There are 2 protein chains.
Amino acid sequence: MAKVKKQPRPKAETPKGFRDYFGAEVSQRKAMLEEISTVYQLYGFDALESSAVETVEALGKFLPDVDRPNEGVFAWQEEEDWLALRYDLTAPLARVYAQYRNDLPTPYRRFAMGPVWRNEKPGPGRFRQFYQCDADTVGAPSVAADAEICAMLADVLERVGIPRGDYLIRVNNRKVLNGVLEVMGLAEDPRRDDVLRTIDKFDKVGEQGVRELLTVGRTDASGAEIDGVGLSGEQAGPVLAFLTAKKDRVEDTLAQLREAVGASTIGNDGIEELAEIANLLEAQGYGPDRIVIDPSVVRGLGYYTGPVYEAELTFEIRDEKGRPRQFGSVAGGGRYDDLVKRFTGQAVPATGVSIGVDRLLAALHAKGRLSKETVGPVIVTVMDRDRMADYQAMVGELRAAGIRAEVYLGNPKNFGNQLKYADKRRAPVAVIAGSEEFDKGVLQIKDLVLGARIAETATHEEWKEQPAQFEIARGDLVSKIREMLGG
Amino acid sequence: MAKVKKQPRPKAETPKGFRDYFGAEVSQRKAMLEEISTVYQLYGFDALESSAVETVEALGKFLPDVDRPNEGVFAWQEEEDWLALRYDLTAPLARVYAQYRNDLPTPYRRFAMGPVWRNEKPGPGRFRQFYQCDADTVGAPSVAADAEICAMLADVLERVGIPRGDYLIRVNNRKVLNGVLEVMGLAEDPRRDDVLRTIDKFDKVGEQGVRELLTVGRTDASGAEIDGVGLSGEQAGPVLAFLTAKKDRVEDTLAQLREAVGASTIGNDGIEELAEIANLLEAQGYGPDRIVIDPSVVRGLGYYTGPVYEAELTFEIRDEKGRPRQFGSVAGGGRYDDLVKRFTGQAVPATGVSIGVDRLLAALHAKGRLSKETVGPVIVTVMDRDRMADYQAMVGELRAAGIRAEVYLGNPKNFGNQLKYADKRRAPVAVIAGSEEFDKGVLQIKDLVLGARIAETATHEEWKEQPAQFEIARGDLVSKIREMLGG
């Protein structure tokens, strides 16, 4: 072997903006995704796992908020092509559907879950690799498909542990928004984008703020002057009517929307679609306590062409400064009828939802649905190296009974280290056997959970009555430990 | 919105060497990985999911068979660093352990499963993204850790459905090989690599072939002359004694190995380790019918420093030309004590196994352990668009009973298309209801499984007796379909 030149040691660091997940973080996410996929499958959706790598050409420039191609993705050049990591699960679905459309059923209901990558500046809580969990229906033109996804999303949230009343799925329609822009005479106006961006700020600045931003401008909280879009008050009217159209009763909401879109055909089409979605969902028992028509939802101004929807968690959590705030959005989606067309030239209707997996997991943590820590394995300590086969036999019996167990495999000389290890593993029980125990056919059992509790709270009397360490017959190993773990 | 220039349509193609996985392919792999992780967890291993992206610096140049850095990986440049997709799960483990070593328990038992990427020339059955499923113990110097991994591997294979007798885990030790090279006077010889490469061909060319290749050279099957390494017959002796040392009884194998390594200290250390592994496993009931000491196993000549092991499936399958051959290797690993040292400067013992997920899935298919096709959802057809809410209510009831069900959401005009769709989805049952049925409070049920069987085989008489379509009361929907699916 050629001698390798001495090189400086590499740094042991996760690349900036990336994370590693340990133990419970992995298994809790897996368990949640398993629940979600159970619901998706009940609704007839089939699994798809597409390649993590796509051609840059196939991905296109549909990444939200990014104008230049390649920006926002991790890309590298192959001989002829540029390849890139997928930035979401929707663009790959469009490619897969276009590629396999002759073999796939129509409509094609598919779900997908996995990591996506974004080449963005990392920030606190903002990572460059994260999980998405999507369900989409391709090839179904009817809004019954949109309604179905909204109902399924409600089922998903309840299934993973968000109780009814703690979430709200809000539905809007891009066609209504387009109708409003038409009425304003802005459908083809260069200021259209400015208006859309302003609408997106409604959640933050409210009705009066949007009115100012659409017209003469406004001074924000920091005292900075923000330019207005320059519309007249008359032009701004329909936008504000649209944004504030949400009423207690669906009919009232729709009535106000009708006023906002006036004679616009596309606007009225959109309202009819919203009415149909509301009817279908109501008939299936998904009333406005769970799914509601709400025009203030303005999602990703990119590729949506019809209904858009968003799942919001309505319970309060404390922010970093201890102030109460609503948890906010955990999932969203909508209808995008033009994505497959990029490949095939033929319009293919499609609608779907993407769940923010990390956000939903954080919500389950906030609701106390996930235990912070999992219980570790039973640790069989090593008192006598020559008895290794006996120790292995013990863990073998425990595993055969479905109990996590392991022999301590570090250097056994310092017994204190073995107990420290058991503590670090959050082991519930340690098993101890030296030559004396082997001679007598017994084992020492250390109840580490009880031991920890006693160490914290018990009086000396209680400690004597509840010894955290006791002796059992060798033959009682499995039954005794099963009893301890069950209790 | 600025007008977008017309661009040529992108190609809808999976990038070369990458794949998409559909339906059962995804769920079968998931189910298999779930079984494997259950065994890993029983043995006390904890999940780790490290970032898919690493710095090139951290990955190093440990990719098997690759000499230049960056070769074989997908890499791209960031401002200061080069980043790359991981090519296996071992290099990231070394980085993670070095990074978090003060917080992790020692020993650290971890399992990991997920895709890895290799920038290699794609070929038939050779992909650039594939799954691995690893378990490693870091920080345990004793070969008890190696024995544990071998035992766990046997449990994994049986758990996923490879019966005892259909697999064999073969164990060797790199130290013995190093002892042989020492005896040959080749430990520091430039021909060392040539000898190692020759040994690796033992499976293909056999004892006589290796003898020729180590000495004067040989003519291969195609008539081509292959140069020999140029050793004397005397020098080649210990290598051949090593490679053919496997006997029926472990003691006899070890005795022959002792002869092969002579007075070499490292060689004899290696033999003692093999003896200890064999003893430990035998005591736990893992006899030579499952795990065997076999010096002909020469794995990845890269980073292994001690015991190496390989799981082979011993049943026969037919190759492309219909000839019987053994299924071959599905997992392998060994001890690598120097990987963490790259980062920290301190040697950290480590040993672990990697399961070839696609190979193992292929084996389960070959053994008939996986059904080729999964059953699709119940399809509720649409006879009357205005009754959509009623159809949705039906699938709602079925899902609430845990039965996969969906309403047909394509264009309902052509009823034949709805049945073709049900067929493509492999639906077991179609539910049909038009105005007549709604008026009478009944449903038509079409048994698509029976229907397909009748269409293929039944006589006219049988067909009349077993009508594949029949009427039920609306209220019996769930109970009747549950009965049909259970039967």
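## A two-chain model, strand by strand

Strands β8 (residues 167-173) and β12 (residues 307-318) of chain B pair in the antiparallel sense, with 7 bridges between them. Within this pair, B:N172 faces B:V308 of β12(B). Please keep in mind as you look around that this is a predicted model.

**The sheet**

Both of these strands belong to an open sheet of 9 strands, whose order is β1(A)-β2(B)-β6(B)-β7(B)-β14(B)-β13(B)-β12(B)-β8(B)-β11(B). The pairing in this sheet is mixed. At its edges are β1 of chain A and β11 (291-293) of chain B, each of which pairs on one side only. As general background, the strands of a sheet pair through backbone hydrogen bonds, and they do so either parallel or antiparallel.

Strand β14 (residues 350-356) of chain B is a good place to pause. This strand is mostly covered, with 6 of its 7 residues buried. On one hand, β14(B) pairs with strand β7 (residues 129-138) of chain B in the antiparallel sense; on the other, β14(B) runs antiparallel to strand β13 (residues 324-335) of chain B. To find your way along β14(B), look for B:T351, which stands opposite B:T137, and for B:I355, which stands opposite B:A331.

The sheet also takes in a strand from the other chain: strand β1 (residues 21-22) of chain A runs antiparallel to strand β2 (residues 46-49) of chain B. In that pair, A:Y21 has B:E49 as its bridge partner.

Here are the antiparallel pairs described above, with their bridge counts.

| Strand | Partner strand | Bridges |
|---|---|---|
| β8 (residues 167-173) of chain B | β12 (residues 307-318) of chain B | 7 bridges |
| β7 (residues 129-138) of chain B | β14(B) | 7 bridges |
| β13 (residues 324-335) of chain B | β14(B) | 5 bridges |
| β1 (residues 21-22) of chain A | β2 (residues 46-49) of chain B | 2 bridges |

**How the two chains meet**

Chain A can be superposed on chain B by a rotation of 180° with 0.0 Å of shift along the axis, giving an RMSD of 0.1 Å. The two copies are therefore related as by a two-fold rotation axis. The same surface serves both copies, since 100% of the contact residues of chain A recur in chain B. If you would like a landmark for the axis, try A:W76: of the residues of chain A, its C-alpha comes closest to the axis, at 2.9 Å.

The contact draws on 77 residues from chain A and 77 residues from chain B. Helix α13 (residues 388-400) of chain A supplies the largest share of the side of chain A that touches chain B, with 6 residues. Sorted by class, that side of chain A has 37 nonpolar, 21 polar and 19 charged residues.

Within chain A, the domain assignment gives domain 1 (24-366) and domain 2 (378-486). The C-alpha centres of these two domains of chain A lie 53 Å apart.

**Two helices of chain B**

Helix α1 (residues 24-42) of chain B has 19 residues and spans 27 Å from its first C-alpha to its last, close to the 27 Å expected at 1.5 Å a residue. Its buried residues include B:M32, B:L33 and B:I36, and also B:R29. After α1(B) comes B:G44, which has a positive phi near 90°.

Helix α10 (residues 265-283) of chain B likewise has 19 residues and reaches 27 Å, close to the 27 Å expected at 1.5 Å a residue. Among the buried residues of α10(B) are B:G267, B:G270, B:E273 and B:L274. This helix is followed by B:G285, whose phi is also positive, near 90°.

**Backbone details worth a look**

Some loops hold backbone features that you can find in both chains. A cis peptide bond with omega about 0° joins A:T106 and A:P107, and the bond from B:T106 to B:P107 is cis as well, with omega near 0°. In chain A, A:P107 lies in the loop between α3 (90-100) and β6 (108-117); in chain B, B:P107 lies in the loop between α3 (90-100) and β6 (108-117).

Another residue to visit is A:R426, which has a positive phi near 55° although it is not a glycine. A:R426 sits in the loop between α14 (415-424) and β17 (429-432) of chain A. Is A:R426 buried or exposed? With 17 other C-beta atoms within 10 Å, A:R426 is partly exposed. In chain B, B:R426 also has a positive phi, about 55°, and B:R426 is partly exposed, with 17 other C-beta atoms within 10 Å.

Methods. Residues are numbered from 1 along each chain as its sequence is written. Chains are lettered from A and ligands numbered from 1 in the order in which they are written. This is a predicted model: local features need pLDDT of at least 70, side-chain atom pairs count only at pLDDT 80 or more; totals for chains, interfaces and linings use all residues. Domain bounds come from an automatic or database domain assignment. Helices (H or I, at least four residues) and strands (E, at least two) are DSSP runs, numbered from the N terminus. The expected span of a helix is 1.5 Å times one less than its number of residues. A residue is buried if 20 or more other C-beta atoms lie within 10 Å of its own, exposed if 12 or fewer, and partly exposed in between; C-beta atoms are placed from the backbone. Copies are superposed by least squares on the C-alpha atoms of residues with pLDDT of at least 70 in both. Two residues are in contact if their C-beta atoms, placed from the backbone, lie within 7 Å. Ala, Val, Leu, Ile, Met, Phe, Trp, Tyr, Cys and Pro count as nonpolar, Asp, Glu, Lys and Arg as charged, and the others, Gly among them, as polar. Two strands pair if DSSP finds at least two bridges between them.
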